[in-house]
Amino acid sequence: MTTATPANYQRTRTLTLIGTIITQFALGSVYTWSLFNGPLANKLDAPISEVAFSFGLLSLGLAIASSLAGKLQERFGVRNVTLGAGILMAVGFWLTAHADNLMMLYLSAGILVGLADGAGYLMTLSNCVKWFPERKGLISACSIGAYGLGSLGFKFICGALLSAQGLENTFMIWGVLAMSMIIVGALLMRDAPMQKSSGNTQLEAKDYTLAQSVRLPQYWMLALMFLTACMSGLYVIGVAKDIGEGMVHLSAQTAANAVTVIAIANLSGRLILGVLSDKMARIRVITLAQIVSLVGMSILLFTHMNESTFFLSLACVAFSFGGTITVFPSLVSDFFGLNNLTKNYGLIYLGFGIGSVLGSLVASAFGGFTVTFSLIMTLLVISLVLSLSIRLPNRQNVVEPLLHN
């Protein structure tokens, strides 16, 4: 696999895993953004909805940079791109601290921080998965779990900084802290070696380039499944508090507990489904996630919810979403090989950016939750049918079911 001795190889990939976890923890900090909507709205004298749009731009920037990161890695290597992402993130937060109008906020907190986060996120994850071809699901769970924990950890750090240091200083300290962690993580990383075929074509995915992958129907079937999972997860998570207050008539304080329920369910989905995906066919793990999400959406759409069923529905959707984004990188490598994973998954990952805005756009266009829930429900049913019927790409003129990892 590589010219390094087994001991060196093991040490290098272990250090890469540690570096990836540190980096992902820092990159996940952007998901504390809702803490800043109120203070920024006061500072800029703008409606919260307009301030919050910067997070939509951040998600879009993240998805676009993720889809381009493979090219950057080929040119500069994983360490240099990650170092660049850390520095760009600090610059983005420094400019955010000094933003005095919405356009500057959109450019700094939205586009710059989003591009920095995306450049680091998918590339370091894919690179780490390539180092551990025998434990892809577990490594994805560790990496994406660290990203989720980062949002939880920085929630306390940024919350404490806001009350002690004020808005501008918080952004600058956050930027320096995140950059320092990303730089430390980057220095521990090495580019994964190319995977060489063992000659067992029955148990190995052929390496498809992105140009070859996009010509296959399986690629677009997986892309639709991913878009649906992201749209359902991101939309419901984004408006959870409003659903609690508007549809279930909970007090603002009780509805705010949704954030905790979502965080726990999301992390559980990442860990449980990530580990499970090393023990059974990954596409079946996705089928399971889709069924769980359908249960959650059915509660939202067809029942008169009380407090318990409301939190249960959120837990189902968040569990499914967390699990899906954890299993998907390894699933894509099952179909199209490990060597071009960053590029092949990068294009599918645009579904995260599209999904982050699509739910809100549909809700704005048609008013209320019901139309959006109905659309998500329909897409989930289509995705379930696709996950049950999809097969690996032709191999030696045989279309074989995905009965293995």
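**Note on salt bridges, a glutamine contact set and cysteines**

1. R282 is a buried residue, with a relative accessibility of 2%. The model under review is predicted. The side chain of R282 meets that of D278 in a salt bridge, with an N to O distance of 3.0 Å. D278, by contrast, is partly exposed, its relative accessible area being 24%; the cut-off for burial is under 20%, so D278 does not count as buried.

2. The pairing of D278 and R282 is not isolated. Both residues belong to a network of salt bridges that also includes K136 and D334. Over the whole structure, the search returns seven salt bridges. As general background, side chains of opposite charge can pair when their charged atoms come close.

3. Which parts of the chain does the pair K343 and E74 link? The closest N and O atoms of this salt bridge lie 2.6 Å apart. K343 belongs to helix α14 (residues 341-348), whereas E74 belongs to helix α3 (residues 48-76). The two residues are 269 residues apart, and the pair thus connects distant parts of the chain. E74 has a relative accessibility of 56% and is classed as exposed, because the exposed class begins over 50%.

4. E134 and R135 form a further salt bridge, for which the closest N and O atoms are 3.9 Å apart. A salt bridge requires a separation within 4 Å, so the pair E134 and R135 is accepted at 3.9 Å. Each partner is partly exposed: E134 has a relative accessible area of 44%, and R135 has one of 35%.

5. Is Q218 buried or exposed? Its relative accessibility is 10%, and Q218 is therefore classed as buried. This residue lies in helix α9 (residues 217-246). With residues up to four places away in sequence left out, Q218 touches F335, F336, I390, R391, L392 and P393.

6. How many disulfides does a search of the whole structure find? The result is zero. For C128, the nearest cysteine sulfur is that of C142, at 8.1 Å. A disulfide would need the sulfur atoms within 2.5 Å, so C128 is in no disulfide. C128 is buried, at 0% relative accessibility.

7. C316 is likewise in no disulfide. Its nearest cysteine sulfur belongs to C230 and is 18 Å away. With a relative accessibility of 12%, C316 also counts as buried.

Definitions and conventions. Residues are numbered from 1 along each chain as its sequence is written. This is a predicted model: local features need pLDDT of at least 70, side-chain atom pairs count only at pLDDT 80 or more; totals for chains, interfaces and linings use all residues. Side-chain values use heavy atoms; hydrogens and water are left out. Helices (H or I, at least four residues) and strands (E, at least two) are DSSP runs, numbered from the N terminus. Buried means under 20% relative accessible area, exposed over 50%, partly exposed in between (1.4 Å probe, protein chains only). Contact means heavy atoms within 4.5 Å.
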